[in-house]
Amino acid sequence: MQRLLFALLAGGLFGAGLTVSGMIDTTKVQGWLDVFGDWDPTLAFVMGGAILPMAVAWRIAARRQKTFLDLDLPDLPSDDVTPELITGSVLFGIGWALVGLCPGPALASISFGGWGGGLFLLAMLAGMLFAPGLRAQIFGRLTQTTPRSKMEIRPLTPTYAVSPQIDPADLAAVKAAGYTTIIDNRPDGEIPSHLHTAVMKAAAEELGLAFVANPVIPGGLTMENVRIQSQTIADAPGPVFAYCASGNRCSVVWALVHAGTRSTDDLIRVPSKYGYNLEPLRGQIDALAADAAGGKD
Amino acid sequence: MGNHDWIWGFTGGLLIGLAGAVFLLMNGRIMGASGIIGGLIDRTGWSNWAERVAFLVGLIAVPPLLVPLYRVVDTHITSNWAVIVIGGLLVGLGTRWANGCTSGHGVCGISRLSLRGIVATVFYIVAGGLTLALLRHVLGVI
C-alpha cells in the first residue's frame, strides 16, 4: 500500500514538474531543438534542475542496501552501447522533434491536449506494442552475427579474478590467461541448463582446471560460503578465477575472506574499480576483522 | 512570462528530479516514463502493474489541477494528423528499442554518469536537431 502511495506521489511530482517547467508545451521543446531558428534554452534548465536531486539520490542509494520502504534497490542497467540503443534513440529523436512530445509530457497533458494529444498517445502506444516484435526481427539477426563471447577477466589481485557469467567455451581463454582454479558462485536456479555447474565442471576438468562450486544465494551469503572460498584460494596451485552473474558476489566473498588481513578501505576500493559497490558491507567487514583479531589473542 | 521561463524550467526540473529521487529511494525503481507505460503495453511489466498504474494516475491527474492555478497551458500541438501519427509511432518504437527516453536516459542515466544514458541523450538530441533543421528550415514542412 505504501508502495502504491509513493508511486502515486512520484507520478504526481513528475506531472507537476513537467507542467511547471513548460515541457508539456510542444513549442518549447521544438524551440530548444531548433538551433537554426529562434532558440529557446528552457529545456537545458529543466534537465539541469532534474539531474541535481537525482544525482544526490544516486549517492544516497549507493550507501544503502535497501530503500527507505525496505524494498530492493534496482540492479543498475548494463552500460553496453548496443545497435538497439543508437537506432532507438535516433528514431525517438526524430519523432520527438516532429511533434515536440516525449512519453512523459504526452501522458501528463492527456486531459487538456485535445484530439492531437490523444492521437499522439495512441500512435505512441502502438509503436510500443510493435517494438518487441520488430526488435527481434531486425536486431535478433544482428545480435547473432556479432561474436558471442564477451568474457572479461577482472583481477582483484594478481592471484584472484572475478567475472560475470562465462560459458564453457570461455574456459580455454581463462586457462590461457594462467588461471588454474575456477570457483562457481552462481546457483543453478538462476541460469539456463547449458551453464549449470555440472556442465561447467565437466568442461573445466577436461581442460585440466580445478573446479569448485560454491553457490551464493543473492542476499543469503553464509559464513560457510566464505570458508569454502577461503579454503579454495588457499589450496589453489595458481591464480583463482571466480564467476557469478556480474562478479559482484565473487567480490563480496573475497572481501569477507580477507577481512582483517587487508584494510577495509582496500577491500572496498579494489572491487570498485570494476563498479562493484561494497560500501554497504563496510560494517560487516570491520566486524569480521575484529573477530579475527580477537581470535588471535 | 517569457523572460522568467528559465526559472520555471529550473523549478519544474527540480520537481522532476525529486520525483525520480522518491521513486528510487522509496520504491527502488528507476523512473522512466517510456518504461513504465511500455511495460504495461508489451506485458513485460505486468508483475508490478499496480505500482505502474499508481504512478500514471499521479502523472495524469496532477497537471490539470495545476493548470488553472498559475500557468495557462496549451500544448500547441500541430494539427497535421500525419505528422502526429508518424511522430507518435517513432517515439513509441524508439524509446522501447533504446530502453529509455528523456526521463530514463536523460535524467536518471546522466545523473549517475551512465555511458548508455549519455550516448542515448546525445543521439536523440542530435537526431531531433537535424530533423527540425531539415524539415523546418530546408523543406519548410513543419
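Here are some notes on the predicted model, point by point.

1. Start with how chain A is divided. The domain assignment splits chain A into domain 1, residues 2-145, and domain 2, residues 154-296. Measuring between C-alpha centres, domain 1 of chain A and domain 2 of chain A are 38 Å apart. A:R154, which opens domain 2 in that assignment, is in a salt bridge with A:E152, and the closest N and O atoms there are 3.2 Å apart. The two partners sit in different surroundings: A:R154 is buried, at 14% relative accessible area, while A:E152 is partly exposed, at 38%.

2. Chain B is helical. Its secondary structure amounts to six helices and zero strands, so to speak an α-α-α-α-α-α run from the N terminus on. The C-alpha atoms of chain B fill a box of roughly 45 × 35 × 30 Å along the principal axes. Chain B has 142 residues, and 57% of them count as buried.

3. Have a look at the nonpolar patch on the surface, to which both chains contribute: A:M1, A:L5 and A:L8 join B:W49, B:V53 and B:V57, with about 620 Å² of accessible area together. Two elements give two or more residues to this patch, namely α1 (2-21) of chain A and α3 (49-70) of chain B. Which element gives the most to the nonpolar patch? That is α3(B), with three residues. B:V57, one of the patch residues, is found in helix α3 of chain B and is partly exposed, with a relative accessible area of 44%.

4. Next, the aromatic rings. Over all chains the count comes to ten aromatic pairs. One of them is A:Y160 with A:W254, a stacked pair at 6.4 Å centre to centre and 20° between the planes. A:Y160 belongs to strand β2 (residues 160-163) of chain A and A:W254 to helix α10 (residues 248-257) of chain A, so this pair ties together parts 94 residues apart in sequence. Are A:Y160 and A:W254 buried or exposed? Both are buried.

5. The pair A:Y274 and A:Y276 is worth a glance too. What makes this pair tilted? The ring centres are 6.5 Å apart and the planes of A:Y274 and A:Y276 are at 50°, so the pair counts as tilted; stacked would need planes under 30 degrees apart, and edge-to-face over 60. As for cover, A:Y274 is partly exposed at 25% relative accessibility, whereas A:Y276 is buried at 5%.

6. Some ring contacts bring the chains together. Ring pairs link A:F14, B:F23 and B:F55 into a cluster. There is also a charge over a ring from one chain to the other: the charged end of B:R112 sits over the ring of A:W58, 5.7 Å from its centre. Within chain A, A:R64 lies over the face of A:F68, at 3.8 Å from the ring centre.

7. On to the salt bridges, of which the structure holds 16 over all chains. A:K66 forms one with A:D72, and the closest N and O atoms are 2.8 Å apart. A:D72 counts as exposed, at 53% relative accessibility, and A:K66 as partly exposed, with a relative accessible area of 34%.

8. A salt bridge inside a helix: the side chains of A:D266 and A:R269 meet at 2.8 Å, N to O. Where do A:D266 and A:R269 lie? Both are in helix α11 (residues 264-272) of chain A, three residues apart, about one turn of the helix. A:D266 is partly exposed at 22% relative accessibility, and A:R269 is likewise partly exposed, at 48%. For A:D266, that value can be set against the cut-off, since buried means under 20%.

9. Last, a charged network with members from chains A and B: A:R3, B:R29 and B:E51 are linked by salt bridges. A:R3 falls within the residue range of α1 (2-21) of chain A, and B:E51 within that of α3 (49-70) of chain B. Those are the two elements that give two or more residues to the nonpolar patch.

Terms used: Residues numbered from 1 in each chain as written. Chains lettered and ligands numbered in written order. Predicted model: local features only at pLDDT ≥ 70, side-chain atom pairs only at ≥ 80, totals over all residues. Heavy atoms only, no water. Patch = residues over 30% accessible without salt bridge, like charges linked within 9 Å, V, L, I, M, F, W, Y side chains within 5 Å. Areas by Shrake-Rupley, 256 points an atom, 1.4 Å probe, with all protein chains shown as cover. Salt bridge = Lys/Arg side-chain N within 4 Å of Asp/Glu carboxyl O. Helix = DSSP H or I, 4+ residues; strand = E, 2+ residues; numbered from the N terminus. Buried < 20%, exposed > 50% of the residue type's maximum accessible area, 1.4 Å probe, protein only. Domains from an automatic or database assignment. Phe/Tyr/Trp six-rings, centres within 6.5 Å; stacked < 30°, edge-to-face > 60°. Lys NZ or Arg CZ within 6 Å of the ring centre and 35° of its normal.
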